[in-house]
Each structure stands twice: as structure tokens, then as C-alpha cells.
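Work through the exercises below with the sequence and the model open. Each task is followed by a solution in steps.

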Amino acid sequence: MKRFLSILLAAMMLFTVLSLSACGSSGEGETAGETASTEEEHFVFKIGHMRAEGSPTDLDVEEFCQKVTEQTNGTIEFEIYPASSLGDYTAMIERMALGDVDMMLATIGVSLDSRMNCWTIPYLAKNWDEAREIFKDDGLIVQTMSEICLDNDFRILGTYPMYFGGIALAKEPKADITAMEDQGLKIRIPATETYEAMAATFGFMSTPLNYSDIFTSLQTGVIDGTIGGGAEGYYNEFRDLLKYYLPVNDHFELQFLCVGSSTWDKLSDNQKEVLTTCAAELEAKRWEDAETSQANYEQMLADAGITVMEFTDEELAGFAEAVRAAVEPYARQELGDELYDQIMAEVEAIA
């Protein structure tokens, strides 16, 4: 589904036209701002995201687009495509790099470069305070992601924190999850060896699937659950199929606001500045909202009849220790020893 945002600019544009006409009739020259505006090219950007229309993410994207349109005097407008209607995050990244999609707010997978898995290393942060430091814009992880993205023809304008992740199940676990014993259940994982090792550590069999295939696979019994998401995504997309939610905090979910390099290169300096400023405002607002949003969605899962298990800090620390040890060889292989060691050193300095 697409929505064309004109952002109710008709009145503003009419006012601008009348003002310019008045200046012309008085014989006065154009101001610098008016000259810049008339010289800037007009664009209608396709921007895609993964969440449903009307969701908090969708509303944030709409607000971002409105601000950009207003602050560029209508020279940048948007068509918003929610609910992965431009494809899942992998497809959007590929289309953005090719110039077929202009912008996205989505997670970033490893389809282009295995080092893009750096932000998904399990248990990097234990709490929201640590997450704010580990995933800050000038931190090693975001800077590394930015460099890799530029090498692949798109750029990160800002981050969008979502939640600490967990495991969603359509069937009851067969063993105490804290014992990390065989559960006799198969769960979907993102297509990385780190997630395969993590699933096995928790006692699950696993199969790699695209995010877009989870619903049908749950519905048909191909899988019994999924990992790699969190309460917000599970509630909005799979709640009718789920019985249990295990908030094991396995990873910290970030989404990234990105623009294709071919789109960016067309913009004037003023348009680039507006995009950058509005992206920073979106990021700051989301960091303020995200922790409360996670708690709200976990409660919404419970209200929907899904059993939300609870874990103590000691149990979560036990998960972290076991999973980190299991995934380290695979994370080193994906990232390289140097990058892995640098990230873990930064994490340990923050903890």
C-alpha cells in the first residue's frame, strides 16, 4: 500500500507564489532563499519500512516525511510503503542500492557483507543504558555499519532502536528454558551461523528463513517458533499464531534510516542538511520512546492470551554467558578477529 504525502502544502505553496508575485511587481530582486528554492530540483521519494500502517514506526516515518517536506518547501515529497510492501529488508537494501527505492527504515542483514552482522552479536548490551552507549552514532558499531553501507551504495542517516529480542513460540516449551535442554521444537532463525549456534544453545532445532516467510511457516507448522525479533514485531505480525513469548534479551534490535547513494547525490546541500537534521530528530525521539514501547508490547502480548515468561537478572546473565561462548567462533568468522575484538573491548569498557 502506498500513500502520497503532500503534507497539506497547498496553502504554503499558494502563499509562496503570491509572495513572489508581490516581490516581482514591486521591482525588488529575489532574496537568496527564494533563488535557492527555485533552483532546487523536486523529488518524490519512495520510502519503505517493515511495520504495519498505523504502527508507532509508521507514525514516526510519517512525521519524519512531513518535516522534510515542510522544511524543504515541498521540494522533497514522499510515497510511504509500510508493511514491507517494497519487499523485506533484504530486498529493500538491494533495490535502494540500485536506485529503485530511495529510502528505507529497516533492519540491515548480511546479504551484502558478513561484517554487517556486527550489530547483531548476541548480548552486546544488558540494559537500555548500555545500549545507548554501545549503539551511539559515533560508536564503533554504527561507524562500522556506516562505512560498509557507503561501500554498498547507500548511507545511514540515523538509527532507530526497537527492543531487546526474544523467542516466540506456537507450542509450549518441552523443558525449562533456563536449563538450556532439548526443547524438541524447530524455530526460524536469520541466515547466520551465530543464530544457528544460539538456537542450539537454547535447545532448539533451527531453520533459516526470510522474515517474510515466518507467518506462513508458523501457520503450516513448518516451524514452531522464531527468534530474531521482539515483542513489537511478534505482536503486530504473528500474535494470532503464538502461545508463548520468551524475553531472553538475545540481541538488541536496531533499525536504520537509510538513503540510496544515487538519491543522495542528486540533492542540494540544503536538502541534504534537512534530511540529516530530521533524521537526528527522529533518532532522538525514538531513544526516548523505545524502552516504554517494549514494555507496552510485552503487556499487549499477555493481554492477547500469550504466556510471557519472566526471567531474573541472574538467569539472563546465564543465557548471555552460554550464548556468547557458543557464538564467538562464528562471530569471529563473520566479522574477522580484529573487528570482533575491537567491538568486544568497547562493550566491556561500557559494561
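At 34% relative accessibility, Glu-281 counts as partly exposed; buried means under 20% relative accessible area, exposed over 50%, and partly exposed in between (1.4 Å probe, protein chains only). The model is predicted, so local features need pLDDT of at least 70 and side-chain atom pairs count only at pLDDT 80 or more, while totals for chains, interfaces and linings use all residues. Residues are numbered from 1 along each chain as its sequence is written, and side-chain values use heavy atoms, with hydrogens and water left out.

**Exercise 1. Find the salt-bridge partner of Glu-281 and state which helices the pair ties together.**

Step 1. Apply the rule: a salt bridge is a side-chain nitrogen of Lys or Arg within 4 Å of a carboxyl oxygen of Asp or Glu. The partner is Lys-67, with the closest N and O atoms 3.3 Å apart.

Step 2. Place both residues. Glu-281 lies in helix H11 and Lys-67 in helix H3 (residues 56-71), so the salt bridge ties together parts 214 residues apart in sequence. Helices (H or I, at least four residues) and strands (E, at least two) are DSSP runs, numbered from the N terminus.

Step 3. Check the accessibility of the partner. Lys-67 has a relative accessible area of 26% and is partly exposed.

**Exercise 2. Is Glu-283 buried or exposed, and which side chain of opposite charge is nearest?**

Step 1. Locate the residue: Glu-283 belongs to helix H11 (residues 269-303).

Step 2. Glu-283 is buried and has no salt bridge; Arg-132, the nearest side chain of opposite charge, is 10 Å away. Here Lys and Arg count as positive and Asp and Glu as negative, while His and the chain ends are not counted.

Step 3. Look for other partners. A polar atom of the Glu-283 side chain lies 2.9 Å from the backbone nitrogen of Thr-159.

Step 4. List the contacts (heavy atoms within 4.5 Å). Apart from neighbours within four places in sequence, Glu-283 touches Asp-137, Gly-158 and Thr-159.

**Exercise 3. Give the accessibility of each residue in the salt bridges Arg-95 with Asp-100 and Arg-115 with Asp-113.**

Step 1. For Arg-95 and Asp-100, the closest N and O atoms are 2.6 Å apart. Arg-95 is partly exposed at 25%, and Asp-100 is partly exposed at 38%.

Step 2. For Arg-115 and Asp-113, the closest N and O atoms are 2.8 Å apart. Arg-115 is partly exposed at 32%, whereas Asp-113 is buried at 16%.

Step 3. Put these in context: the salt-bridge count comes to 15. Glu-328, Arg-332, Asp-337 and Asp-341 are linked in a network of salt bridges.

**Exercise 4. How many aromatic pairs does the whole structure hold? Describe the pairs of Tyr-234 with Phe-238 and with Tyr-245.**

Step 1. Rings of Phe, Tyr and Trp (its six-membered ring) pair if their centres lie within 6.5 Å; planes under 30 degrees apart count as stacked, over 60 as edge-to-face and the rest as tilted. The search finds 16 aromatic pairs.

Step 2. The ring centres of Tyr-234 and Phe-238 are 6.4 Å apart and the planes stand at 40°, so this pair is tilted. Both residues lie in helix H9 (residues 231-238), 4 residues apart, about one turn of the helix, and both are buried.

Step 3. Tyr-234 also pairs edge-to-face with Tyr-245, at 5.7 Å centre to centre and 65° between the planes. This pair links helix H9 to strand S10 (residues 244-246), with Tyr-234 and Tyr-245 11 residues apart.

Key: A polar contact is a pair of N or O atoms within 3.5 Å; within protein, one must be able to donate a hydrogen and the other to accept it, and residues adjacent in sequence count only if both atoms are side-chain atoms.
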